[in-house]
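New to this one? Take a moment to look over the sequence and the 3D view, then read on for a quick tour.

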Amino acid sequence: MSDLHDLCKFPTRPIDKTYIDQLKHYLSNGIPATYTVEEAYNYTHNIEDEEPSSTTTPLHLLCTFVPVDAKDEEKEIVSEMVEILFEYGAGWCFVDVNGDTPGCILIKRGLKDWKVYDQIVDAGVRAELLLRKVSEFDMEIIEDTDDLNHEEFENIPELVKEEPKEEVQQTKEEVDDAPDAPSQNQQSYLNTKLEYTDDALITKDRKDGVMMSWETDIMKLGSETLFAKGSLIEDNEEDSEINVLNIGFGMGIIDGMIQQKSPTTHYICEAHPDVLKKMKQDGWYDKPNVVVLEGRWQDRLDELLSNGKVFFNGIYYDTFSEHYSDMLELFDYVVGLLKSHGVFSFFNGLGADRQVIYEVYKKLVEIDLGNYGLNCQFEAIDIPKEMLQDNQDRSVWDNVKRSYWSCPVYYHPEIKFIDY
Ligand SMILES: C[S@@+](CC[C@H](N)C(=O)[O-])C[C@H]1O[C@@H](n2cnc3c(N)ncnc32)[C@H](O)[C@@H]1O
């Protein structure tokens, strides 16, 4: 433990301006805002050759120890401390010994509606935007803290305190997202055999959940959005031709719902050979208004753009093993293929295995779509309890390797051109 760590545990009340002064003092004297409890522990116990597997930063301590009964003036000081920590480079998504980020800790403590939580989400948005710029220009980030002079952190004049003993545990989180795993890598996914079970589509060997029937209500929302919002032209008049594009067939849940509305044309873009086989078996190729675009949307949508023959009232996107960077590319097609009164929606699972990251993506999506002249409205829907990690009965995940959902709400996106 260093003095900085001690300070973030709020040893005295009230939390007043002296906290700000002390925090600035430590940080301006060279203690990194990312200095972890584990690094301090290893240093004081002369552990040199063991890389800590968790990163409990001052911000984690602050979120863990901020008193729930803090008065408004105290909360303001805490917020100022958080701002200062971020100015000095604190990270928003490091994980501590329990696998929690600072935002996760606030959620667990029921402090999600505090300003500190919003500050963390905003820091996440800024960090993601910055990271994107950095990778665009191939810049190098220096993160190594091996050569820190720990002694200095313990001997800052007049502020040295006694060191409390604290055991460092291993993180609980299992790392399961190797870059070449089918859930992460499109080529590896497309080469992986799939299997349809009663209520899911999964990868045969690893049992990754590609699509699961618990998402049916979410698909219903998606399909209703496409028709209710995308089929009306000015003065609420029904469009005479309704064209819908769905990207990613999976279990065909949303496509079944789209068919029930009898659109003029129903385009389905699907890349996986096993899914295409199932679509053939189930007669999707024979439906008079269905056009199947076989292959990845990245390879099939260009021709729709250059033909200029079809424009869509509704576009829905729900694929697998793609990343947000893929969605950013898709936005180029969306603005080119959507009718001016059309609507775009997608299965919003961005960052959904951790609530704070889910909220960061929610904001990022709004910003990114805004840059395309698109406005994104989110409707918050409660997720069934059996889906959540802390629920006793999680039988819904029995046949899949890892749950990909752990947020209590689903943010259903409805995206239209700004003036519509
Ligand atoms: C989650 S499932 C879609 C579920 C669907 N919304 C439903 O209601 O059943 C994802 C689907 O997207 C397909 N897919 C993945 N990447 C794709 C890509 N780049 N282009 C087209 N389809 C893709 C997968 O093969 C899979 O069938």
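Here is a short briefing on the chain, its ligand and two residues picked out for a closer look.

Keep in mind that this is a predicted model. The chain has 420 residues, and 50% of them are buried. As for the ligand, the space it takes up is the largest cavity.

**The chain as a whole**

- If you trace the chain from end to end, you'll pass through 15 helices and 10 strands.
- Among contacts with a separation of 6 or more, 72% link residues that sit 24 or more positions apart.
- The chain's accessible surface adds up to about 21000 Å², and carbon and sulfur atoms own 47% of that.

**Around the ligand**

- The ligand has 25 residues around it, and the closest are Gln186, Tyr189, Ile254, Glu270 and Asp318.
- Gln186 brings a polar side-chain atom to 2.8 Å from a nitrogen atom of the ligand.
- Backbone atoms join in too: a backbone N or O atom of Gly252 sits 3.1 Å from a ligand oxygen atom, and a polar backbone atom of Ile254 is 2.9 Å from an oxygen atom of the ligand.
- On its own the ligand would have 600 Å² of accessible area, and the protein covers 100% of it.
- Several elements give two or more residues to the shell around the ligand: the helices α9 (186–190), α11 (253–260) and α13 (297–307), plus the strands β3 (209–212) and β5 (265–270).

**A closer look at Arg126**

- You'll find Arg126 in helix α7, which covers residues 115–136.
- Arg126 has a relative accessible area of 45%, so it counts as partly exposed, a label for values that are neither under 20% nor over 50%.
- Setting aside neighbours within four places in sequence, Arg126 makes contact with Glu83 and Phe86.
- Val360 is 234 residues away from Arg126 in sequence, yet their C-alpha atoms are 9.3 Å apart in space.

**A closer look at Thr192**

- Thr192 lies in the loop that runs between α9 and β1 (194–196).
- Is Thr192 buried or exposed? Its relative accessibility is 14%, so Thr192 counts as buried, given that the cut-off for buried is under 20%.
- Leaving out residues up to four places away in sequence, Thr192 touches Pro182, Thr203, His272 and Asp274.

How values were computed. Residues are numbered from 1 along each chain as its sequence is written. This is a predicted model: local features need pLDDT of at least 70, side-chain atom pairs count only at pLDDT 80 or more; totals for chains, interfaces and linings use all residues. Side-chain values use heavy atoms; hydrogens and water are left out. Helices (H or I, at least four residues) and strands (E, at least two) are DSSP runs, numbered from the N terminus. Buried means under 20% relative accessible area, exposed over 50%, partly exposed in between (1.4 Å probe, protein chains only). Contact means heavy atoms within 4.5 Å. Accessible areas come from the Shrake-Rupley method with a 1.4 Å probe; for residues, only the protein chains shown count as cover. A residue is near a molecule or strand if one of its heavy atoms lies within 4 Å of it. A polar contact is a pair of N or O atoms within 3.5 Å; within protein, one must be able to donate a hydrogen and the other to accept it, and residues adjacent in sequence count only if both atoms are side-chain atoms. On a 1 Å grid over the protein atoms alone, a cavity is a set of points where a 1.4 Å probe fits but cannot get out, and a pocket is an open set with protein on both sides within 12 Å along at least five of seven lines; lining residues have an atom within 4 Å of a point. A molecule sits in a cavity or pocket if more than half of its atoms lie within 2 Å of its grid points.
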